[in-house]
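This report walks through selected features of one protein model, for a reader who wants to follow them residue by residue. The sequence and the model are shown first, and the description follows.

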Amino acid sequence: MSDTNPDPSAPVLVTGATGYVAGWLIRALLERGLTVHAAVRDPDNPEKVGHLVKMGSELDGTLELFHGDLLEPGSYDAAMAGCGIVFHTASPFTTAVEDPQRDLVDPALEGTRNVLESANRTPSVTRVVLTSSCAAIYGDNADVSHAPQGVLTEDVWNVSSSLEHQPYSYSKTLAEREAWKIAEGQSRWQLVVINPSLVVGPGTAPRQTSESFNIVRQIADGTLKSGAPPLEIGMVDVRDVAEAHLQAGFRPEAQGRHIVSAETGSLLRIARAIRDRYGDAYPVPQRELPKWLVWLIGPMVSKGVTRRMVARNMGLPWRAANAKSRRELGLEYRSVDQAVAEMVAYMRDNGQLEKA
Ligand code: NAP
């Protein structure tokens, strides 16, 4: 094993351990018998960490909780000490922000700097796996037509997002660019990046706050009953995203960015998956709204919907190549329709969606 190969016996760090993606990643790591240093903002809050403690007691590996806040310089040093691999998943994924700089860009960008500067100070670290996003590859569906052959690949970067337009995507782009810059400034640890599309599937905690749940909930709870905005998106099962991280951490040859997306879906596709499983139990949209109508009324009914956003996304195709993740991480993607059905059952069983 070369110096940069991950040591399978060393502990690993997962930042943002309370998160949706992190929950499944931690489960996969514990199932393989690893010692996981789980960094969370408040390790003493049983509502946030109870499910992780339970996983640690039931599965083969060992779970140790640490405090870590993206906005506190050096706050990951203790959690990272002795770790071989750092899985940096923490970053806010929400559209409900008052101040995009403070609520999205600062934690994403400053947080990535803090975590990677800790890696620079921690001699045991040989690899950092960063949870980036397809949002760092494209900003709007309109960008897809500019990609070679109209298909997004790992060579493409989001150049259209800003603080004013698609600020979440902007935060992910800035954070990933910064990660590559810091990685290139040293030679001990290697950066491997995972770029998931919209993640769907059940959660591991009784309450998950990822925006993924809000997107699927508003399709199941009747909010979009009169029609779904005509939006194509990539979709992927959360367990495939966890597997991608695991492979990116432990495959010696893993390198670069990886689009992790099972297939192209749409808001209507999510509705169909719910109807196919649960019949008429949920008031899902049965059709797509015309783009002009969403353009006209979207900004009036939802603060997050702007005319520019509608113009540059609705009714436009979304295509991305997942060949690299299949070839180099060995991913075999699960059904996203099944993942959506399980996500609805999870929200129903945990009181986040009225029972069907
Ligand atoms: P999530 O459940 O909201 O997880 C985000 C995590 O970041 C939470 O654990 C949260 O901790 C943590 N965090 C936020 N601000 C923090 C701060 N200041 N200090 C420390 N931790 C902080 O969302 P997710 O969907 O699992 O997202 C995880 C990662 O995947 C993110 O990097 C996201 O950009 C990326 N991603 C998600 C999707 C998707 O569709 N879900 C798609 C592509 C990429 P608290 O619990 O304390 O708030």
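In this predicted model, the side chains of R269 and E263 meet in a salt bridge with an N to O distance of 3.1 Å. E263 is partly exposed, its relative accessible area being 31%. Elsewhere, salt bridges that share partners link E110, R113, E178 and K181 into one network. The count of salt bridges for the structure comes to 21, and three of the individual pairs are set out below with the distance between their N and O atoms.

| Salt bridge | N to O distance |
|---|---|
| R269 and E263 | 3.1 Å |
| D77 and R121 | 2.9 Å |
| R312 and D143 | 2.6 Å |

The pair formed by D77 and R121, whose side chains meet at 2.9 Å, has its partners in two helices: D77 lies in helix α3 (residues 77-80) and R121 in helix α4, so this salt bridge ties together parts that are 44 residues apart in sequence. Both ends of the pair have some access to the surface, since D77 is partly exposed with a relative accessible area of 29%, and R121 is likewise partly exposed, with a value of 48%.

For R312 and D143, where the closest N and O atoms are 2.6 Å apart, the separation along the chain is 169 residues, because R312 belongs to helix α11 (residues 307-313) and D143 to helix α5 (residues 141-144), and the salt bridge therefore ties those parts together. Here R312 is partly exposed, with a relative accessible area of 23%, whereas D143 has a relative accessibility of 16% and so counts as buried, the cut-off for that class being under 20%.

Turning to the strands, β2 (residues 35-40) is mostly covered, with 5 of its 6 residues buried. Strand β1 (residues 12-15) runs parallel to β2 and is joined to it by 4 bridges, and within this pairing L13 has H37 of β2 as its bridge partner. Between these two strands the chain passes through helix α1 (residues 20-31), in a β-α-β crossover that is right-handed. Strand β2 also pairs in the parallel sense with strand β3 (residues 62-67), over 6 bridges, and in that pairing A39 stands opposite F66 of β3. The path from β2 to β3 goes through helix α2 (residues 46-58), and this β-α-β crossover is right-handed.

How many cavities of 30 Å³ or more does the structure hold? The structure holds 1 such cavity, and the space within the largest cavity is about 50 Å³. Its lining is made up of H88, T89, A90, S91, A108, T112, L130, T131, S132, K172, A175 and E176. The elements that contribute two or more residues to this lining are α4 (100-121), β5 (127-131) and α6 (167-184), and α6 gives the most, with 3 residues. By residue class, the lining of the largest cavity divides into 4 nonpolar, 6 polar and 2 charged residues.

Note on methods: Residues numbered from 1 in each chain as written. Predicted model: local features only at pLDDT ≥ 70, side-chain atom pairs only at ≥ 80, totals over all residues. Heavy atoms only, no water. Buried < 20%, exposed > 50% of the residue type's maximum accessible area, 1.4 Å probe, protein only. Pairing = 2+ DSSP bridges. Right-handed = clockwise from strand over helix to strand, strands pointing away. 1 Å grid on protein atoms, 1.4 Å probe; cavity = no way out; pocket = protein on both sides within 12 Å on 5 of 7 lines; lining within 4 Å. Points joined across faces, edges and corners; volume = space filled by probe spheres on them. Nonpolar A, V, L, I, M, F, W, Y, C, P; charged D, E, K, R; others polar. Salt bridge = Lys/Arg side-chain N within 4 Å of Asp/Glu carboxyl O.
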